[in-house]
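Trainee: I've got a chain open on my screen and I'd like to learn how to read it. Can we go through it together?

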Amino acid sequence: MHSRLIAVGLRRLLATGCLGLCSLAAGQANSPAAATIERVEVLSHGNSFEMEIEASRPVTPNTQTVAGPDRLVIDFPNSVPGPRLRAIAVNALHVKGIRMGLFASNPPVARVVVDLTSAQAYQVFPSGRSVIVKITAGGNTPAVLTTVS
């Protein structure tokens with residue numbers, strides 16, 4: 001009798017656990033898949049520094065500047081870094097280098113950091129799957145986020 005109660009209890013536990021896992025999987029299926037940041041490329045070194053960040057689907061970046069050391073931080077909510085991304089040494093036009101990684105995992109946030117020699121003005125131009133970042137020498141000039149249709 002005791003072993004039969006244990007068996008019934010185990011069946012209920014397994015059924016409840018399966019329902020919980022099934023509903024968890026269903027909830028994940030309804031949420032949109034995270035974008036992948038596939039490529040980060042330096043475009044030019046003329047009088048200004050430009051870089052392009054490309055994702056697997058349209059993304060909307062959030063930017064901030066941080067001091068000590070100076071850097072431009074670009075976050076991509078609901079995105080993960082691609083497996084082929086590598087740090088880029090620049091050492092030109094007030095830019096030391098570019099690094100990228102996963103800032104947060106739940107929800108996922110991919111982060112691209114531009115290490116600077118000093119505070120610089122910048123512009124961000126999101127356009128579909130690509131984001132162009134332009135950094136100009138100019139110190140603490142306010143940043144501009146421009147949406148391109």
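What follows is a chat about the strands of this chain and the confidence in them.

Mentor: Quick ground rules: this is a predicted model, where local features need pLDDT of at least 70, side-chain atom pairs count only at pLDDT 80 or more, and totals for chains, interfaces and linings use all residues. Residues are numbered from 1 along each chain as its sequence is written, and side-chain values use heavy atoms, with hydrogens and water left out.

Trainee: How many strands does the chain have?

Mentor: Helices (H or I, at least four residues) and strands (E, at least two) are DSSP runs, numbered from the N terminus. Reading from that end, the elements go α-β-β-β-β-β-β-β-β-β-β-β. That gives one helix, and the strand count is 11.

Trainee: What is the order of the strands in the open sheet of five?

Mentor: Two strands pair if DSSP finds at least two bridges between them. In this sheet the pairing is antiparallel, and the order is 3-4-8-7-6.

Trainee: Which strands are the edge strands?

Mentor: Look for strands that pair on one side only. Those are strand 3 (62-66) and strand 6 (88-92).

Trainee: Over how many bridges do strand 7 and strand 8 pair?

Mentor: A hairpin joins strand 7 to strand 8 through two residues. Within that antiparallel pair, G97 stands opposite D115 in strand 8. The bridges between strand 7 and strand 8 number nine.

Trainee: Which residue stands opposite I74 in strand 8?

Mentor: Strand 4 (residues 71-77) runs antiparallel to strand 8 (residues 108-116), over seven bridges. Opposite I74 you'll find V112.

Trainee: Which residue in the turn between strand 6 and strand 7 has a positive phi?

Mentor: Strand 6 and strand 7 (residues 95-105) pair over three bridges, and A89 stands opposite G97 there. The two strands form a hairpin with two residues between them. The turn residue with a positive phi, about 50°, is L93.

Trainee: Over residues 141-149, how many contacts does the model have beyond near neighbours in sequence?

Mentor: pLDDT is the predictor's confidence in each residue, from 0 to 100, and the chain's mean is 79. Residues 16-30 stay under 50 and have zero contacts (heavy atoms within 4.5 Å) beyond four places in sequence. Where pLDDT is low, the predicted coordinates should not be read in detail. Residues 141-149 are also below 50, and their contacts beyond near neighbours in sequence come to 15.
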